[in-house]
Amino acid sequence: MAWRQIIFKARAISISPHPHPTPGFSRFFSKASLYVEKVGIPEFLNGIGKGVESHVAKLESEIGDFQKLLVTRTLKLKKLGIPCQQRKLILKYAHKYRLGLWRPRAKPLKS
């Protein structure tokens, strides 16, 4: 019985009209978007970096569409003459992009 009263009192205290601990602050920030709005093959490869951007012209002429690049297999990239390490990077980031875990930034970070 005593436990039930403690639990109900704790629930009554924790329920507040503001879902966040500090009223007036939202959960999301109002910063400008750091990501590219429209993503194409050049923006995607520039976002990956690491030398992959040198294959922009080759991929645009052979594959053409960004959506086709996202579902391209390693054998197709190999036939285009893209080295193994760069193929792996393209496929890794394409998979992350499809899942919504990664997007290319507007300006690549300088390392």
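This is a short tour of one protein chain, with a selection to make at each stop.

**Stop 1: the whole chain**

Show everything as a cartoon and colour it by pLDDT. What you have open is a predicted model. The mean pLDDT of the chain is 80, and 68% of its residues reach 70 or more. Now select residues 2-14: that's helix α1, and its mean pLDDT of 67 is the lowest among the elements. Then jump to residues 74-79, helix α5, where you'll find the highest mean, 95.

How many helices and strands are there in the chain? There are six helices and zero strands, so to speak a run of α-α-α-α-α-α as you read along the sequence.

**Stop 2: outside and inside**

Switch on the surface. The chain exposes about 9000 Å², and carbon and sulfur atoms supply 59% of that. Of the 111 residues, 26% count as buried.

**Stop 3: the largest nonpolar core**

Hide the surface and select Phe-44, Leu-45, Ile-48, Leu-59, Phe-66, Leu-69 and Ile-90 as sticks. These have the most contacts inside the largest nonpolar core, which has 21 residues. Try colouring α2 (41-48), α3 (56-62), α4 (66-70) and α6 (84-99), since each is listed here: these are the elements that give two or more residues to this core. Which element gives the largest share? That's α6, with five residues.

**Stop 4: one face of α2**

Zoom in on α2 and pick out its buried residues: Ile-41, Phe-44, Leu-45 and Ile-48. Turn the view until you look down the axis of α2. The buried residues fall within an arc of 90 degrees, so they line one face of the helix. Why does such spacing work? An α-helix has 3.6 residues a turn, so residues three or four places apart point the same way. Those buried residues of α2 pack against α3, α4 and α6. Just after α2, click on Gly-49, which takes a positive phi of about 75 degrees.

**Stop 5: Phe-66**

Next, select Phe-66 and show what surrounds it. Leaving aside neighbours within four places in sequence, Phe-66 is in contact with Val-39, Gly-40, Ile-41, Phe-44 and Tyr-97. You've already met Ile-41 and Phe-44 as buried residues of α2.

**Stop 6: His-55**

Finish in the loop between α2 and α3, where His-55 sits. Is His-55 buried or exposed? His-55 is buried, because its relative accessible area is 8%, and the cut-off for buried is under 20%. Not counting residues up to four places away in sequence, His-55 touches Leu-45, Ile-82, Pro-83 and Gln-86.

How values were computed. Residues are numbered from 1 along each chain as its sequence is written. This is a predicted model: local features need pLDDT of at least 70, side-chain atom pairs count only at pLDDT 80 or more; totals for chains, interfaces and linings use all residues. Side-chain values use heavy atoms; hydrogens and water are left out. pLDDT is the predictor's confidence in each residue, from 0 to 100. Helices (H or I, at least four residues) and strands (E, at least two) are DSSP runs, numbered from the N terminus. Buried means under 20% relative accessible area, exposed over 50%, partly exposed in between (1.4 Å probe, protein chains only). Accessible areas come from the Shrake-Rupley method with a 1.4 Å probe; for residues, only the protein chains shown count as cover. A nonpolar core is a set of buried Ala, Val, Leu, Ile, Met, Phe, Trp, Tyr and Cys residues joined through side-chain atoms within 4.5 Å. Contact means heavy atoms within 4.5 Å. The arc is that of the directions from the helix axis to the C-beta atoms.
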